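Q: Could you take me through this structure? I would like to discuss the strands, the ligand surroundings and any unusual backbone angles.

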Amino acid sequence: MSAEGGNDKVRIFVDHGSCSGTAHCQQSMPNVFVVANRKAQIRDDVDWDSIDVAQLMAVADSCPWYAITISS
Ligand code: SF4
């Protein structure tokens with residue numbers, strides 16, 4: 001697990017200084033996020049080619065602490 005992940009089309013980063021471990025992201029996309037020790041991590045086994053980037057961006061927008069950054 002790591003605070004970042006992605007492929008050549010999309011990159012994601014979780015700012016652990018902002019993340020409060022609410023787990024909203026894990027509940028929405030458990031295939032990408034897992035919360036450990038009250039910090040969201042990116043799973044090691046994400047199949048990035050099958051990820052819905054629009055859904056990922058919606059999850060980032062719904063983070064109450066704006067801790068998720070998506071780039072492409
Ligand atoms: S929704 Fe945001 S604050 Fe909550 S666990 Fe995920 S990254 Fe952290």
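The exchange below covers these topics in turn.

Q: Before we start, what kind of model is this?
A: It is a predicted model.

Q: Then the sheet. What is the strand order in the open sheet of three strands?
A: The order is β1-β2-β5, and the pairing is antiparallel.

Q: Which are the edge strands?
A: They are β1, residues 4–6, and β5, since each of them pairs on one side only.

Q: And how much are neighbouring strands turned against each other?
A: On average by 15°, with direction ignored.

Q: How many bridges join β1 and β2?
A: Three bridges join β1 to β2, which spans residues 11–14, and the two strands run in the antiparallel sense. Within this pair, Glu-4 has Phe-13 of β2 as its bridge partner.

Q: What does α2 touch on the sheet?
A: Helix α2 packs on the sheet and touches β2 and β5. The direction of α2 makes about 150° with that of β5.

Q: What holds strands of a sheet together in general?
A: Strands pair through backbone hydrogen bonds, in either a parallel or an antiparallel arrangement.

Q: Moving on to β3 and β4: parallel or antiparallel?
A: They pair in the antiparallel sense, over four bridges. Phe-33 has its bridge partner in β4, namely Ile-42.

Q: How many residues lie between the strands of that hairpin?
A: Two residues lie between the strands of the β3 and β4 hairpin, where Asn-37 takes a positive phi near 55°. Asn-37 is not a glycine, and its place is in the loop between β3 (33–36) and β4 (39–42).

Q: Is Asn-37 buried or exposed, and why?
A: Asn-37 is exposed, because 7 other C-beta atoms lie within 10 Å, and a residue counts as exposed at 12 or fewer.

Q: Which phi does Tyr-66 have, and where is this residue found?
A: Phi of Tyr-66 is near 50°, again a positive value in a residue other than glycine. Tyr-66 is found in the loop between α2 (53–62) and β5 (68–71).

Q: Is Tyr-66 buried or exposed?
A: Tyr-66 is exposed, with 12 other C-beta atoms within 10 Å. The limit for an exposed residue is 12 or fewer, so this count qualifies.

Q: Now the ligand. How many residues surround it, and which are the closest?
A: The ligand is surrounded by 15 residues, and the closest are Cys-19, Thr-22, His-24, Cys-25 and Cys-63.

Q: How does that shell divide by residue type?
A: The shell around the ligand has eleven nonpolar residues, four polar ones and no charged ones.

Key:
Residues numbered from 1 in each chain as written. Predicted model: local features only at pLDDT ≥ 70, side-chain atom pairs only at ≥ 80, totals over all residues. Near = placed C-beta within 6 Å. Nonpolar A, V, L, I, M, F, W, Y, C, P; charged D, E, K, R; others polar. Buried ≥ 20, exposed ≤ 12 C-beta atoms within 10 Å, placed from the backbone. Pairing = 2+ DSSP bridges. Axes fitted to C-alpha atoms, helices over the stretch in contact; angles between N-to-C directions. Contact = placed C-beta atoms within 7 Å.
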